[in-house]
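Student: I would like to work through this protein with you, going from its strands to its core and then to its charged pairs. Could we take it one question at a time?

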Amino acid sequence: MKRLLVYLLMLCLSLVEMFALQPENVLKKAADKQFALNLGKARRTPAFSCEGYWVWGSSVMKGHDGKYHMFVSRWPKEYRFHPSWALKSEVVHVVSDTPEGPYKFSDVALPARGAEYWDGRCTHNPRILYYQGKYYLVYMGSTHPFEEPTPEELTFNSPWMIVARSNKRIGLAVADSPYGPWKRFDKPILDTKPGTFYSYFTSNPSPCILEDGSVMMVFKGRHYVGNKWSGMSLGVAYAPSIEGPYTVLNDGKPILSSEKNGETEDPFFWKDEEGYHIVFKDQLGKYTGEKESGVLAHSKDGVNWVIDKCPQAYSLMLNWDDGVTSRVGQLERPFILFENGEPAYMFFATSDGIGSFKEMSASWNMVIPFVKK
């Protein structure tokens, strides 16, 4: 009997090993180690906050000056947090000697430039990239033709918000230095298209420069449903170079649709020797059971995606570096800073106030280091 039990145990272990060596599971296993096991304690000190302003999603890179450069959205606190970001946000540049921060304000990278431009009244959701001597900012922009609203006038259903929301597009700026000046393109690099999942707007860009200089970019889209808008879906686009032109892959269909997969947004997309990976926000808790937590997925081609067997990439319940465990109000716009090819730090936009944007009194950008191997 004892020998039989040993034999069965060895057989089970062999089957587990065989299963684990299948291509999809190699991707899952690699990512499991990076996230489920290796996220450390959250830094209680904000990576960046700005008095008098709401601040939101960030993107960080180490510059040739040895400093860390964060590009982040901010807008005045005299306006309510939501939906004022869609009209009042600007992308600013902040700098630190260390990846954890705190980051200090340097300059406004992408200010308002007039209603006639596609991004003339709002810049938001920046992603910073470097390639062949140039710095690139990929971001969401918007515009509207009205006079500036008062804080009381700017509500979710106001004309300002309706028009600005439908004008959201993805664009590009380029500079020789992270300090600018930034040359902004006068047309979006990814516009809307009738009859698609992104007919209403394009937003939340997460680009990845591949080995040959081409680019794949995961993005968020909504489409028209009559005269209104749909839920949020994710798609992937390709371009031969970062300046475009961009073509939406998967026959123009989403890789994760709001109808089939539940609402998703805030993707962070990257490629390594194992394949392609994304972390995204599980808006309704479909995959993790926790609304607005993070989901991990993998792909061999960037188009066909497999949700991880242990899908939760992060939770809104955080273990802090002061020994306390507590929940944050919001945890969005995940961004991973890699060092020596390994994930080193995960940045988030976060806030106080549990339950809704209405309960917030402060927002900041925070960082969680990965446990060093």
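Tutor: What follows is a set of questions and answers on a predicted model.

Student: In the open sheet of four strands, what is the strand order, and which are the edge strands?

Tutor: The four strands of this open sheet pair in antiparallel fashion and follow the order β1-β2-β3-β4. Neighbouring strands of the sheet are turned against each other by 30° on average, with direction ignored. An edge strand pairs on one side only, and here the edge strands are β1 (53–62) and β4 (104–110).

Student: How many bridges join β1 to β2, and which residue in β2 is the bridge partner of V60?

Tutor: Strand β2 covers residues 68–76 and runs antiparallel to β1, to which it is joined by nine bridges. Within β2, the bridge partner of V60 is M70.

Student: Which helix lies across β1, β2 and β3, and at about what angle does it run to β2?

Tutor: The helix lying across these strands, where β3 covers residues 90–96, is α3, made up of residues 81–88. Relative to β2, helix α3 runs at about 110°.

Student: Which residues touch the most other members of the largest nonpolar core, and which element gives the largest share of that core?

Tutor: This core has 36 residues, and those that touch the most other members are M70, Y103, F347 and M366. Among the elements that give two or more residues to the core are β1, β2 and β3, together with others such as β15 (264–272) and β23 (363–369). The largest share, five residues, comes from β22.

Student: Leaving aside neighbours within four places in sequence, which residues are in contact with Y103?

Tutor: M70, already named as the bridge partner of V60, is in contact with Y103, as is V60 itself. The contacts of Y103 also include F347, which, like Y103, is one of the core residues touching the most other members. In full, and with those close neighbours left aside, the residues in contact with Y103 are A47, F48, V60, Y68, H69, M70, V94, V95, S96, T98 and F347.

Student: Where in the chain do the two residues of the salt bridge between E148 and K88 lie, and how many residues apart are they?

Tutor: The side chains of E148 and K88 meet at 2.9 Å, N to O. E148 lies in the loop between β6 (134–142) and α4 (159–166), while K88 belongs to helix α3, so that the pair links distant parts of the chain, 60 residues apart.

Student: Is R121, which also pairs with E148, buried or exposed?

Tutor: R121 and E148 meet through their side chains in a salt bridge of 3.0 Å, N to O. E148 has a relative accessible area of 43% and is therefore partly exposed. For R121, the value is 14%, and because buried means under 20% relative accessible area, R121 counts as buried.

Student: What is the relative accessible area of D119, the partner of R113?

Tutor: The side chains of R113 and D119 meet in a salt bridge of 2.8 Å, N to O, and both residues belong to a network of salt bridges with R184 and D186. R113 counts as partly exposed at 23% relative accessibility. D119 is buried, with a relative accessible area of 0%.

Student: How many salt bridges and how many disulfides does the structure hold?

Tutor: The pairs discussed above belong to a total of 17 salt bridges. As for disulfides, the number is zero.

How values were computed
Residues are numbered from 1 along each chain as its sequence is written. This is a predicted model: local features need pLDDT of at least 70, side-chain atom pairs count only at pLDDT 80 or more; totals for chains, interfaces and linings use all residues. Side-chain values use heavy atoms; hydrogens and water are left out. Two strands pair if DSSP finds at least two bridges between them. Axes are lines fitted to C-alpha atoms, for helices over the stretch in contact, and angles run from 0 to 180 degrees between N-to-C directions. Contact means heavy atoms within 4.5 Å. A nonpolar core is a set of buried Ala, Val, Leu, Ile, Met, Phe, Trp, Tyr and Cys residues joined through side-chain atoms within 4.5 Å. Buried means under 20% relative accessible area, exposed over 50%, partly exposed in between (1.4 Å probe, protein chains only). A salt bridge is a side-chain nitrogen of Lys or Arg within 4 Å of a carboxyl oxygen of Asp or Glu. A disulfide is a pair of cysteine sulfur atoms within 2.5 Å.
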